[in-house]
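Work through the exercises below with the model open in a viewer. Try each task before reading its solution.

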Amino acid sequence: MRMLKSVRGSVQAVDAAETGAKDIFARQGEPESAGVVVVSQSGETKDVMRVVNTAQEMGLICMSVVNAVGSQIARTTGLGVYLNAGRENAVASTKAFTTQVTVM
(Lines give C-alpha, C1' and ligand atoms only; values in the text may rest on other atoms or scores of the structure.)
Protein backbone atom coordinates (compact mmCIF):
# COMPACT_ATOMS: atom_id res chain seq x y z
CA MET A 1 0.00 0.00 0.00
CA ARG A 2 2.99 2.30 0.38
CA MET A 3 2.73 3.16 -3.31
CA LEU A 4 -1.06 2.70 -3.34
CA LYS A 5 -0.75 0.18 -6.17
CA SER A 6 -3.51 -2.08 -4.94
CA VAL A 7 -5.09 -3.61 -1.90
CA ARG A 8 -4.17 -7.22 -1.26
CA GLY A 9 -5.81 -9.26 1.42
CA SER A 10 -8.74 -7.88 3.31
CA VAL A 11 -10.26 -4.45 3.79
CA GLN A 12 -12.07 -3.66 7.00
CA ALA A 13 -14.35 -0.70 7.76
CA VAL A 14 -14.81 0.25 11.41
CA ASP A 15 -16.29 3.11 13.42
CA ALA A 16 -13.49 5.03 15.14
CA ALA A 17 -15.61 5.51 18.27
CA GLU A 18 -15.73 1.75 18.80
CA THR A 19 -12.17 0.96 17.76
CA GLY A 20 -9.09 -0.12 19.65
CA ALA A 21 -5.70 -1.05 18.25
CA LYS A 22 -6.47 -4.77 18.50
CA ASP A 23 -9.63 -4.28 16.42
CA ILE A 24 -8.06 -2.78 13.32
CA PHE A 25 -4.47 -3.71 13.07
CA ALA A 26 -4.51 -7.49 12.74
CA ARG A 27 -1.26 -7.58 10.76
CA GLN A 28 0.94 -5.90 13.37
CA GLY A 29 4.03 -7.80 12.24
CA GLU A 30 3.83 -6.32 8.73
CA PRO A 31 3.24 -2.55 9.00
CA GLU A 32 4.67 -1.97 5.52
CA SER A 33 1.82 -4.00 4.01
CA ALA A 34 -1.00 -2.31 5.92
CA GLY A 35 -2.51 1.13 6.06
CA VAL A 36 -5.37 3.18 7.42
CA VAL A 37 -7.73 5.49 5.53
CA VAL A 38 -9.67 7.80 7.83
CA VAL A 39 -12.69 9.89 6.85
CA SER A 40 -13.73 13.02 8.75
CA GLN A 41 -15.87 15.96 7.68
CA SER A 42 -14.32 18.40 10.14
CA GLY A 43 -10.83 16.93 10.26
CA GLU A 44 -10.88 17.44 14.03
CA THR A 45 -12.84 14.36 15.19
CA LYS A 46 -11.22 13.13 18.42
CA ASP A 47 -12.06 9.44 17.87
CA VAL A 48 -10.58 9.50 14.38
CA MET A 49 -7.52 11.39 15.62
CA ARG A 50 -6.98 8.69 18.26
CA VAL A 51 -7.02 6.01 15.54
CA VAL A 52 -4.53 8.01 13.44
CA ASN A 53 -2.15 8.40 16.39
CA THR A 54 -2.39 4.69 17.26
CA ALA A 55 -1.78 3.66 13.64
CA GLN A 56 1.24 5.95 13.31
CA GLU A 57 2.70 4.60 16.56
CA MET A 58 2.43 1.14 15.00
CA GLY A 59 4.25 2.31 11.86
CA LEU A 60 1.23 2.17 9.55
CA ILE A 61 0.66 4.56 6.65
CA CYS A 62 -2.30 6.88 7.30
CA MET A 63 -4.31 8.63 4.61
CA SER A 64 -7.11 11.07 5.33
CA VAL A 65 -10.24 12.19 3.49
CA VAL A 66 -11.33 15.49 5.06
CA ASN A 67 -13.34 18.55 4.15
CA ALA A 68 -11.42 21.06 6.26
CA VAL A 69 -8.14 22.23 4.71
CA GLY A 70 -5.39 22.48 7.32
CA SER A 71 -7.31 20.50 9.92
CA GLN A 72 -5.54 18.51 12.64
CA ILE A 73 -6.12 15.15 10.94
CA ALA A 74 -4.93 16.46 7.56
CA ARG A 75 -1.77 17.90 9.11
CA THR A 76 -1.04 14.75 11.10
CA THR A 77 -1.45 12.27 8.24
CA GLY A 78 0.33 14.40 5.65
CA LEU A 79 -1.26 12.26 2.94
CA GLY A 80 -4.83 12.67 1.87
CA VAL A 81 -7.61 14.19 -0.12
CA TYR A 82 -9.40 17.48 0.56
CA LEU A 83 -13.08 17.31 -0.32
CA ASN A 84 -13.49 21.08 -0.87
CA ALA A 85 -17.25 20.69 -0.34
CA GLY A 86 -17.45 24.03 1.41
CA ARG A 87 -18.84 24.98 4.80
CA GLU A 88 -21.81 23.04 6.12
CA ASN A 89 -24.75 25.18 7.22
CA ALA A 90 -26.79 22.41 8.81
CA VAL A 91 -26.29 19.50 11.19
CA ALA A 92 -26.80 17.01 8.37
CA SER A 93 -23.55 17.16 6.43
CA THR A 94 -24.97 16.32 2.99
CA LYS A 95 -22.38 18.13 0.86
CA ALA A 96 -19.44 16.55 2.68
CA PHE A 97 -21.08 13.12 2.69
CA THR A 98 -21.74 13.27 -1.06
CA THR A 99 -18.16 14.28 -1.81
CA GLN A 100 -16.82 11.59 0.55
CA VAL A 101 -18.76 8.93 -1.35
CA THR A 102 -17.48 10.33 -4.65
CA VAL A 103 -13.86 10.31 -3.48
CA MET A 104 -14.01 6.83 -2.04
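Two strands pair if DSSP finds at least two bridges between them. The model used here is predicted.

**Exercise 1. Establish how strand 2 pairs with strand 3, and then lay out the sheet.**

Step 1. Strand 2 covers residues 61-66. Strand 2 and strand 3 are joined by three bridges, in the parallel sense.

Step 2. Locate the facing residues. Ser 64 is opposite Gly 80 of strand 3. Val 66 is opposite Tyr 82, also of strand 3.

Step 3. Turn to the other neighbour. Strand 1 pairs with strand 2 over six bridges, again in the parallel sense. In this pairing, Ser 40 has Val 66 of strand 2 as its bridge partner.

Step 4. Assemble the sheet. Three strands form an open sheet in the order 1-2-3, with parallel pairing. Strand 1 (35-40) and strand 3 (80-82) are the edge strands, each pairing on one side only. From one strand to the next, the twist averages 15°.

**Exercise 2. Trace the chain between the strands and give the handedness of each crossover.**

Step 1. Leave strand 1, pass through helix 2 and arrive at strand 2: this β-α-β crossover is right-handed.

Step 2. Continue from strand 2 through helix 3 (residues 72-77) to strand 3: this β-α-β crossover is right-handed.

Step 3. Place helix 2 (residues 46-57) against the sheet. Helix 2 touches strand 1 and strand 2. Its direction makes about 165° with that of strand 1.

**Exercise 3. Decide whether strand 2 is largely enclosed, using the cut-off for burial.**

Step 1. Set the criterion: buried means under 20% relative accessible area.

Step 2. Split the strand by face. In a regular strand the side chains alternate between the two faces of the sheet. On one side of strand 2, Ile 61, Met 63 and Val 65 are buried. On the other, Cys 62, Ser 64 and Val 66 are buried.

Step 3. Conclude. Six of the six residues of strand 2 are buried, so this strand is largely enclosed by the rest of the structure.

**Exercise 4. Find which elements build the largest nonpolar core.**

Step 1. Recall the background. In soluble globular proteins, nonpolar side chains tend to be buried together.

Step 2. Pick out the hubs. The largest nonpolar core has 14 residues, and Val 36, Val 38, Val 52 and Ile 73 touch the most other members.

Step 3. Assign the contributors. Strand 1, helix 2, strand 2 and helix 3 each give two or more residues to this core. Helix 2 provides the largest share, five residues.

Step 4. Inspect one hub. Beyond its neighbours within four places in sequence, Val 38 contacts Val 48, Val 52, Met 63, Ser 64, Val 65 and Ile 73.

**Exercise 5. Describe the surroundings of Ser 40 and Asn 67.**

Step 1. Begin with Ser 40, in strand 1. Its relative accessibility is 3%, so Ser 40 counts as buried.

Step 2. Follow its side chain. One polar contact goes to the side chain of Thr 45, at 2.9 Å. The Ser 40 side chain also reaches the backbone nitrogen of Gly 43 at 2.9 Å.

Step 3. Move to Asn 67. This residue lies in the loop between strand 2 and helix 3. Its relative accessible area is 9%, so Asn 67 is buried.

Step 4. Link the two. Among the residues Asn 67 touches are Ser 40, Gln 41, Leu 83 and Ala 96. The contacts of Ser 40 include Asn 67, Ile 73 and Gln 100.

Methods:
Residues numbered from 1 in each chain as written. Predicted model: local features only at pLDDT ≥ 70, side-chain atom pairs only at ≥ 80, totals over all residues. Heavy atoms only, no water. Helix = DSSP H or I, 4+ residues; strand = E, 2+ residues; numbered from the N terminus. Axes fitted to C-alpha atoms, helices over the stretch in contact; angles between N-to-C directions. Contact = heavy atoms within 4.5 Å. Buried < 20%, exposed > 50% of the residue type's maximum accessible area, 1.4 Å probe, protein only. Right-handed = clockwise from strand over helix to strand, strands pointing away. Core = buried A, V, L, I, M, F, W, Y, C linked by side-chain atoms within 4.5 Å. Polar contact = N/O pair within 3.5 Å; in protein donor to acceptor, adjacent residues only side chain to side chain.
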